[in-house]
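Here's a quick tour of one protein model. Have a look at the structure first, then we'll pick out a few spots.

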Amino acid sequence: MATFVLVPGGWKGAWSFEAVVPLLERAGHTVHALTLTGLRPDDDDATVAAANLDTHAEDVLRLLDRNHITGATLVGHSYAGMVIAAAADRADGRISRLVHLDAYVPRDGESCWSSTNEHFRKVFAAGAAATGYAVRPPDGGDPRRRPHPLASFLQTIRLTGALAQVPRREFVYCSGWEDRTPFAGLRARLQADPEWQVHDLPTGHDAMREAPEAVAALLLGGSPG
């Protein structure tokens, strides 16, 4: 049976996978859904201000250490594509599969800021205007969302090349928000790379909420439908 580590995207917590977790557990797998540092309800301003991409990668690595996990499947949504890439690069071979769920797939020296599009750079800048260190969630959406540490969006990733040793690497493209998605170019790049498997889902960005059964099916190795 597999061990899944689910990492949420910007502004969100472990709750964003609440509809997917029971589907994976029902199939007999072990599932850990994370809430990253700076996004927990009891995190103070200093914790939010100090959290960056390295902090979030360490959150994942601590989970692996604490639970003695090897052969893990890391699933990262949106921003968390940065997180799972950084963690996998530092995990000493403990990751067997990466799934970037409508998520950034960085190369060395890139950041979420540099990898995204102008729409989201404006969202980040406007959202951070009040504090200078925390990006408020965009209007609408789940009320559980929290201000996201700006430093984690801005920090560049440092990759050693170990990431390329992960045996199975997958990218899921959600095609239902093509007016705003920052991932169309990434999808084309990875489709041309034989080391990556690319899936398409006909959902908006929040696939875990819109189509949890399809996401679970994909993670379980079957057709997303």
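What follows covers the pockets, the cysteines and one helix.

Keep in mind that this is a predicted model. Its largest pocket has a volume of about 720 Å³, and the second largest comes in at about 160 Å³.

**The largest pocket**
- This pocket is lined by 35 residues, and closest to its centre sit Lys 12, His 77, Arg 145, His 205 and Asp 206.
- Two elements, α6 (118–128) and α9 (207–210), each give two or more residues to the lining.
- Helix α6 chips in the most, with four residues.
- Sorted by class, the lining has 15 nonpolar, ten polar and ten charged residues.

**The second largest pocket**
- Here 13 residues form the lining, with Pro 106, Leu 163, Ala 164, Arg 169 and Trp 196 nearest the centre.
- Seven of the lining residues are nonpolar, one is polar and five are charged.

**The cysteines**
- A disulfide is a covalent bond between the sulfur atoms of two cysteines.
- The count for this model is zero disulfides.
- Why is Cys 112 not bonded to Cys 174? The closest cysteine sulfur to that of Cys 112 is the one in Cys 174, and it is 16 Å away, so the two are too far apart for a bond.
- Both residues are tucked away: Cys 112 is buried at 1% relative accessibility, and Cys 174 is buried at 0%.

**Helix α10**
- Helix α10 (residues 212–219) is mostly covered, with six of its eight residues buried.
- The buried ones are Pro 212, Ala 214, Val 215, Ala 216, Leu 218 and Leu 219.
- Just after α10, Gly 221 takes a positive phi of about 100 degrees.

How values were computed. Residues numbered from 1 in each chain as written. Predicted model: local features only at pLDDT ≥ 70, side-chain atom pairs only at ≥ 80, totals over all residues. Heavy atoms only, no water. Buried < 20%, exposed > 50% of the residue type's maximum accessible area, 1.4 Å probe, protein only. Disulfide = S-S within 2.5 Å. 1 Å grid on protein atoms, 1.4 Å probe; cavity = no way out; pocket = protein on both sides within 12 Å on 5 of 7 lines; lining within 4 Å. Points joined across faces, edges and corners; volume = space filled by probe spheres on them. Nonpolar A, V, L, I, M, F, W, Y, C, P; charged D, E, K, R; others polar.
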